[in-house]
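Q: Please take a close look at one chain of this model, and at where that chain meets its neighbour.

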Amino acid sequence: MITSNLELIPGKRIVEHLGIVQGSTVRAKHAGKDLFASLKNLVGGELKSYTELMQEARTEAVERMQAEARSIGANGVLNVRFATTSITAGAAEILAYGSAVRLVDA
Amino acid sequence: MRLENRAPAEGINASDEHPLREFAWLAGGALAALVATVVAVSLGAQWLAPKLPYRYEARLVRDLPAQPPPTDARGREALAELQALADRLAARMVLPEGMRVTVGLRDERVANAYATLGGHAVVFRGLLSRLDSEDALATVMAHEIAHLAHRHPAAALGRGVAIGIVLSVVSAESGRGAAGAVLGQAGTLAALSFNRDQEREADREALRVVAAEYGHVGGAVDLFDAFEAMQRARGDGAATRVEWLRTHPLSERRAQAAREWAAARGVPVDGARRPLPPALAAMRAAGPARR
Amino acid sequence: MGALLELGWFLTLLAVGYGAGRILERRHYASIRRRERELADVLAFTMRFPPKTTRAQHAFLVSGTVVVSSDYFKTFVAGLRRLVGGRFRGYESLLERARREALLRLKQQARERGSALVVCVRFESTAITRGRVPSIEVVAYGTALVPQPR
C-alpha cells in the first residue's frame with residue numbers, strides 16, 4: 001500500500017479516486033511510565049516513554065487508515081495529513097487521513 | 001478518471017468489543033491490584049515499624065505537649081487511681097524496653113479511649129460514666145495497654161504513611177474524576193481490615209489479663225454489651241451492621257469472641273464484680289462532663 | 001452510612017451513563033450510516049487539486065462542525081485505563097462518530113449550496129473539558145466546486 005503526503009507519485013497514474021479514509025487511535029501510557037515522566041519534568045529533556053507512545057500511536061493510526069483503504073479496494077493513500085488532539089491529561093488522539101486511490105504504473 | 005466515495009468497513013477505528021467487558025476487566029484488575037498493593041504495603045509497614053526500638057518512638061513524641069493533668073482535686077485523685085490500675089495490669093504484660101505506661105484523663109463527654117505513641121493511654125470521662133465496675137474499666141485499660149505492648153500505634157503510623165503514598169499516586173494517575181475517588185475509597189477500606197485485626201488482638205490480650213486479675217471475664221462482657229447498647233441508642237442505622245466499613249469489629253462479635261475465649265480456656269464468664277475505686281466512682285456519680 | 005450512600009449514588013450514575021450512553025451512541029451511528037448513504041453522491045476528497053475539467057468552476061469554502069461529549073461511564077473507564085495504558089476504546093468510538101458527523105455536515109452544506117464535489121478537505125479537532133468530562137469538537141472544512149453553466 002503506497003502511503004504518501006504527495007499529491008502525485010512520480011511514475012504512477014491515478015485511475016480511480018475512492019474517497020477519504022481515516023485512521024485514529026487514543027492511547028495512554030501506563031501509570032508506572034507516566035509517573036517516571038512526571039519526575040522527569042523536574043530536570044527536563046526528552047521524555048522517551050512519551051516519544052515512544054506517540055510513535056506507536058502514529059504507526060497504528062496510519063495502519064488503520066491503510067486498513068480502511070484496503071477495505072474499499074484502494075492500493076494507495078495520497079495527500080496524507082496528521083492531526084493530534086490531547087483529550088485528557090495523559091491521553092492523546094492521533095488522526096491520520098488521506099485520499100484512497102487506485103494507482104497503476106504510468 | 002473515476003471519482004467515487006466508497007464507505008470503508010466498520011470496526012477499524014472503533015472497536016466492536018462490548019464496553020462492559022472492558023469495564024469488567026479494567027475495574028476488577030485495578031481493584032485487585034490496588035488491594036494487593038495496599039495489603040503488601042500494610043504488612044510491610046506493620047512488620048517494620050515495631051522493629052524500630054521504642055526509644056526512637058519515645059524521642060519522637062518527647063517534645064509534644066502532654067495531656068494536662070486535671071485541675072480539680074477529685075480529678076487528680078481519679079487519675080492517680082487510673083494510673084495505679086494501669087500499672088497493675090501492665091505488670092502482667094511484656095512491655096517494650098524503656099516503655100512506661102502513662103495514663104491520661106480527658107474531661108469530655110465522648111465515650112472513648114485510645115492509645116498513642118510514647119506509651120500514652122487516654123480515657124475520656126464520657127466512657128467512665130458508663131462503666132459500673134472496676135472489671136469493665138480494667139478491660140478498657142488492658143485493651144489500650146495491649147495496643148502499646150504490641151507497638152500498634154507505631155505500626156498504624158507506618159501503615160498510614162505507606163497507604164497514603166500509594167493512594168496519592170493512584171489518585172494522581174487516574175485524575176480527579178470518579179475513578180480516582182473510587183479506587184481511593186477501596187484502598188481505605190482494605191486498610192480498615194488491618195485496624196480490625198489489631199483490635200481483635202488487643203481484645204484477646206485484655207481478656208487474658210482481666211481473667212488473671214479478677215478470675216473471670218464478666219467485666220469484658222459488660223463492656224462490650226455497653227458498647228452495643230450505646231450503638232443502638234445512637235440509632236446509626238443499617239450501615240453500622242456492616243463490619244467492613246468500620247475501624248473496630250462489631251460490638252456483639254467482640255462479646256461473642258470474649259465468651260468463646262473464656263469457654264475455650266475454662267475461665268468463668270461471670271463472677272463478683274469489683275467496685276470502682278472511690279474517686280473514680282465519685283466521678284461516675286457526678287455524671288458525664290459538661291462538654 | 002455515608003459511604004454506602006455514596007457508593008449507591010456512584011453506581012446509579014454509572015448505570016445511567018452506561019445505559020443512556022449506549023442507546024444514544026447506537027442511535028447516532030444509525031443516523032450517521034443512513035445519512036452517509038443519502039449523501040453518497042456528494043464527493044469529498046483530500047486532494048488539493050481538483051480534477052482537470054474544461055468547465056469553469058464556482059468555488060467556495062464549506063465546513064461541518066460538531067461537539068460530542070463523553071458520558072459518565074466512558075469517563076470512568078478512561079480514568080481506570082490511564083492507570084494501565086493502552087487503547088481508550090470508548091474515546092475512539094466517540095471521535096469516530098464526531099468525525100463522520102462533521103464530514104456529513106460538510107457534505108450537507110455543500111449540497112445545500114448546489115455542489116456535488118468538495119476538494120482539499122481537512123480535519124481539526126479540539127478537546128474541551130468541562131469539569132472532568134471531556135467533549136470533542138471536530139471541524140471538517142474544504143472547498144466545494146460547482147460547475148458554472150455554459
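A: The answer below goes from the overall form of chain B to one of its helices and then to its contact with chain A.

This is a predicted model, in which local features need pLDDT of at least 70, side-chain atom pairs count only at pLDDT 80 or more, and totals for chains, interfaces and linings use all residues. Residues are numbered from 1 along each chain as its sequence is written, while chains are lettered from A and ligands numbered from 1 in the order in which they are written.

Chain B has 10 helices and four strands; helices (H or I, at least four residues) and strands (E, at least two) are DSSP runs, numbered from the N terminus. Along its principal axes, the C-alpha trace of chain B spans about 110 × 40 × 40 Å. Of its 291 residues, 35% count as buried, that is, with 20 or more other C-beta atoms within 10 Å of their own, C-beta atoms being placed from the backbone.

Helix α7 of chain B covers residues 178-214. Its end C-alpha atoms are 53 Å apart, which agrees with the 54 Å expected for 37 residues at 1.5 Å a residue, the span being 1.5 Å times one less than the number of residues. Just after this helix, B:Gly215 takes a positive phi of about 85 degrees.

The contact takes 13 residues from chain B and 20 residues from chain A, two residues being in contact if their C-beta atoms, placed from the backbone, lie within 7 Å. On the side of chain B, β1 (2-3) and α6 (152-174) are the elements that give two or more residues. Strand β2 (residues 12-28) of chain A and β1 of chain B pair in the parallel sense over two bridges; pairing requires at least two DSSP bridges between the strands. Within β1 of chain B, B:Leu3 is the bridge partner of A:His17.

Note on methods
Buried ≥ 20, exposed ≤ 12 C-beta atoms within 10 Å, placed from the backbone.
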